[in-house]
Amino acid sequence: MAKIAFIGLGVMGYPMAAHLKNRGGHEVTVYNRTKAKAKKWVAEHRGSSAPTPAEAASGKDFVFSCVGNDDDLRSVTLGDDGAFGAMKSGSVFIDNTTASADIARELADAAARKNFGFIDAPVSGGQAGAENGALTVMCGGEQAVFDRAKPVIEAYARMVGLMGAAGAGQLTKMINQICIAGLVQGLAEGIHFGKKAGLDIEKVIEVISKGAAGSWQMENRYKTMNKGEYGFGFAVDWMRKDLGICLTEANNNGAKLPVTALVDQFYKEVQEMGGKRWDTSSLLARLEK
């Protein structure tokens, strides 16, 4: 059993922290900016809470974070009452935020100066994956630090992999989002085309899902897409944040992402339709408007 802090109890962090406590059997202290959420988590899972990231992190073996963006992450780590000021020597900070590779490298350097480890560990699998403890975790950092962290991370994961040095986890997550964007747009166009052609979408997907067109998105989203229901999973606002990170990185490294840039603009149109909190399969709604 390890002493753990978890910073950020959003739709992902809340169940992830619970798995660390209940499945992992660890002693977990949580911090959340909205204190009521932390109080609710403690009541449900019998952990404890702290009033600041620093107090949550003090004396812990592993500290996890899952917050909104680079600025939020920098605040809870390096800001006033940030966790990095209280981390003990030899401990490990594991960041599950989807953020930039630059902030991962910055925090890895800061951790090294303070003699503790850092792993950037963004996740894929959405809210359902977090709740079921079946996330894919893409890590960046040193092998020895990863080897210590992996058994702990596995409490909420079905796959945990080290992709390279600090920042490599974030870069891998960018690839994940690039691939998803194209898949969802293709699925939306396919369903839209099928409807216009007068085909039975259920029958069409039953057949083509068993061939080369099959994907997780098709298997898990086509039924709700066909019904025009978009309240299942990762929100458009979050996807646009992630695609923005991808496009910024591509601008820096010279990669060409024409489809990603186009789909990002399609998601902007969905936002303008009032779909900021619709799930990412709502690209179909844009075609049907």
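## Cysteines, a central strand and a pocket

C66 counts as buried, with a relative accessibility of 14%. That value, like the rest here, comes from a predicted model. So what does this cysteine pair up with? Nothing, because the closest cysteine sulfur, in C139, sits 13 Å from the sulfur of C66, which is too far for a bond. C246 is in no disulfide either, its nearest cysteine sulfur being that of C179 at 9.6 Å. C246 also counts as buried, at 3% relative accessibility. Search the whole structure and you get zero disulfides. For scale, the cut-off for calling one is a sulfur pair within 2.5 Å.

Here are those two cysteines laid out together:

| Cysteine | Relative accessibility | Nearest cysteine sulfur | Sulfur distance |
|---|---|---|---|
| C66 | 14% | C139 | 13 Å |
| C246 | 3% | C179 | 9.6 Å |

Now for strand 5, which covers residues 92-95. Are its faces covered or open? Both are covered: V92 and I94 are buried on one side, and F93 and D95 are buried on the other. That split fits the usual pattern, since side chains in a regular strand alternate between the two faces of the sheet.

Strand 5 has parallel partners to talk about. With strand 4 (residues 62-65), strand 5 pairs in the parallel sense over four bridges, and F64 stands opposite I94. With strand 6, strand 5 again pairs in the parallel sense, over four bridges. There, D95 stands opposite D120 of strand 6.

The connections go through helices. Strand 4, helix 4 (residues 70-78) and strand 5 form a right-handed β-α-β unit. Strand 5, helix 5 and strand 6 also form a right-handed β-α-β unit.

Helix 5 and strand 6 turn up again at the second largest pocket, which holds about 230 Å³ of space. Helix 5 (101-113), strand 6 (117-120) and helix 7 (143-153) are the elements that give two or more residues to its lining. Which element gives the largest share? Helix 5 does, with three residues.

In total, 15 residues line the second largest pocket, and F116, G117, F118, E142 and V145 lie nearest its centre. If you care about the chemistry of the wall, the lining has nine nonpolar, four polar and two charged residues.

Note on methods
Residues are numbered from 1 along each chain as its sequence is written. This is a predicted model: local features need pLDDT of at least 70, side-chain atom pairs count only at pLDDT 80 or more; totals for chains, interfaces and linings use all residues. Side-chain values use heavy atoms; hydrogens and water are left out. On a 1 Å grid over the protein atoms alone, a cavity is a set of points where a 1.4 Å probe fits but cannot get out, and a pocket is an open set with protein on both sides within 12 Å along at least five of seven lines; lining residues have an atom within 4 Å of a point. Grid points are joined across faces, edges and corners, and a volume is the space filled by probe spheres set on the points. Ala, Val, Leu, Ile, Met, Phe, Trp, Tyr, Cys and Pro count as nonpolar, Asp, Glu, Lys and Arg as charged, and the others, Gly among them, as polar. Buried means under 20% relative accessible area, exposed over 50%, partly exposed in between (1.4 Å probe, protein chains only). Two strands pair if DSSP finds at least two bridges between them. A crossover is right-handed if, with the strands pointing away from the viewer, the path from the first strand over the helix to the second runs clockwise.
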